[in-house]
Amino acid sequence: MSDEVTAEILTTHLLELARAGKRLDGRGADEYRPIHVEPGFVASADGSALATIGNTKVVSGVKLEIGKPYPDTPNAGTLTTNAELVPLSSPTFEPGPPHPRAIEVSRVVDRAIRAAETIDLKKLCVTPGEKNWTCFVDIHVIDHSGNLIDTALLAALTALSHTVTPAKRFGVGEVDTPLVVEHFPVECTFVRLGETIVVDPSFDEERAGQGRITVATDEVGNVVAMQKGLIGAFSPDDVRDVVDRAFRHGDRMRAIARGN
Amino acid sequence: MGSVGAKDVPVLLTADGKRIDGRRLDELRPLKITAGALHAADGSAFVEWGANKVMAAVYGPREVHPRHLQENNKAIVQCRYNMAAFSVDERKRPGLDRRSQEISKVIGEAFESVIFVEEYPRTSIDVYIEVLQANAGTRCAGLVAASVALADAGIPMVDLLPAVAVGKVAGEIVLDLKKEEDNYGEADLPMALVPQSGRLVLLQMEGHMTKAELSKALDLGVKGCQQVYEVMKDALRSRYAVGRSAPGEAAA
């Protein structure tokens, strides 16, 4: 019960702040928390990264394995993205089968990677019809302080950008070559607080927010994925506004993921 | 989205601007909605939209199962979008895959954005969507069916929720994709509109669109939703017009 009362007071406070153009942690409406990435965080993966946005921490690891192509795509490899919201990352996450919110994070991140054609799957073919690379991008949320989607994709993109194909380990080549990343999708998430739409919501802002919207952009000016979630609504003009803002933030985040 | 190794890509747009089924760029597929199509449910609707056939039923407000999901200050909306094994060309494994769970989540959240949930604390409003025959746009067809079913069940809402998908096919922004356009097109953008406020409560997108194309797609989608809205209202009018009965009841 006290939890609900706190939530109610906090929600009211966050909405009042937003009306005055302020946020609880002192940021402006269009300001991200500090963003950092640490490529190569996990030595046992073929590519990995720790990404942090504020206090939200996500680790992504890429593993490549040799597999057999699907009959309908004999000249292509496969790419699978999976996100886990492990109970260690938040008091609100419980063990058990994946919660719809974990499935949503997984699928929204996967959609951006896939739609942006981040990896050219044809380059993952080893022997047509017989051998290909199966690329697993696994995402572990380890500290949830809001905005999991942006942090998860940033971790995944950084990990992919620093992945080396383990040809020697699987006996399909003499040298291990870097995985070629063709495009660099980045997702930017916003929530509505009253009539203000803030970027990079904190945990409390997500709970208080009246609707969440994520926009994925690539480096050549395309929107490649979008997702509206939670309870709330956005006008077409709101959508146009967040798309503009997503392009601006996206270029900076891409530079961070690529390490320059 | 052009899938890897796809062959025999059909001609999606002819030189005179006609689509694969002869439609204009801004034309909906034929849409028929029957309100109150089922007997047992508190509210129901059947939607036939192009080659889609989707049934929706609403139960509640009723007790919450499982109990721990109950909220003291409002009703919860539990939505289950499910595709029948026989609804697609290659048999789909029965049960909720990750796609269905994601769609269930965003549709449930769309409805919770317009239902007056504070009116029914400690209850659940259960929305069931069964896709019987699928031909692209099933989440929109399901949402439209469920929205009419909610109205048929007498659940108080801000407004009905018309929905439609807009997409990019052969470089053009088009309304209401059918299967070939969805499979071989460049982008898909399903949306649901609250006509009264002009705001969107469901919005997803996948593919490639520039800022200008996206802006055009939003306008076209809103126009499409308004057309769907009229068909939804007509379905409820013919269900509740005096002296008429719904198909579900005629047999009873």
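**Entry 1: helix against helix**

I began where the two chains of this predicted model bring a helix from each side together: P100(A), I103(A), E104(A) and R107(A) in helix 2 of chain A meet R98(B), Q101(B), E102(B) and K105(B) in helix 1 of chain B. I then sorted the residues of this contact by class and noted 5 charged, 2 nonpolar and 1 polar.

I next looked up the geometry of the pair. Helix 2 of chain A covers residues 100-115 and helix 1 of chain B covers residues 98-112. Their axes lie 9 Å apart, and the packing angle is about 110°. Angles of 65 to 115 degrees count as roughly perpendicular, and I therefore entered helix 2 of chain A and helix 1 of chain B as roughly perpendicular to each other.

**Entry 2: the interface as a whole**

I turned to the contact between the chains and recorded 33 residues of chain A in contact with 32 residues of chain B. On the side of chain A that touches chain B, the elements giving two or more residues are helix 2, strand 10 (223-229) and helix 5 (236-258) of chain A. Strand 10 of chain A supplies the largest share of that side, with 7 residues. By class, I listed 18 nonpolar, 8 polar and 7 charged residues for the side of chain A that touches chain B.

**Entry 3: strand against strand**

I followed strand 10 of chain A across to its partner in chain B. Strand 10 of chain A pairs with strand 9 (residues 199-209) of chain B in the antiparallel sense, over 4 bridges. I noted one position by name: V223(A) stands opposite M209(B), a residue in strand 9 of chain B.

Terms used. Residues numbered from 1 in each chain as written. Chains lettered and ligands numbered in written order. Predicted model: local features only at pLDDT ≥ 70, side-chain atom pairs only at ≥ 80, totals over all residues. Axes fitted to C-alpha atoms, helices over the stretch in contact; angles between N-to-C directions. Parallel < 35°, antiparallel > 145°, perpendicular 65-115°, else oblique. Contact = placed C-beta atoms within 7 Å. Nonpolar A, V, L, I, M, F, W, Y, C, P; charged D, E, K, R; others polar. Pairing = 2+ DSSP bridges.
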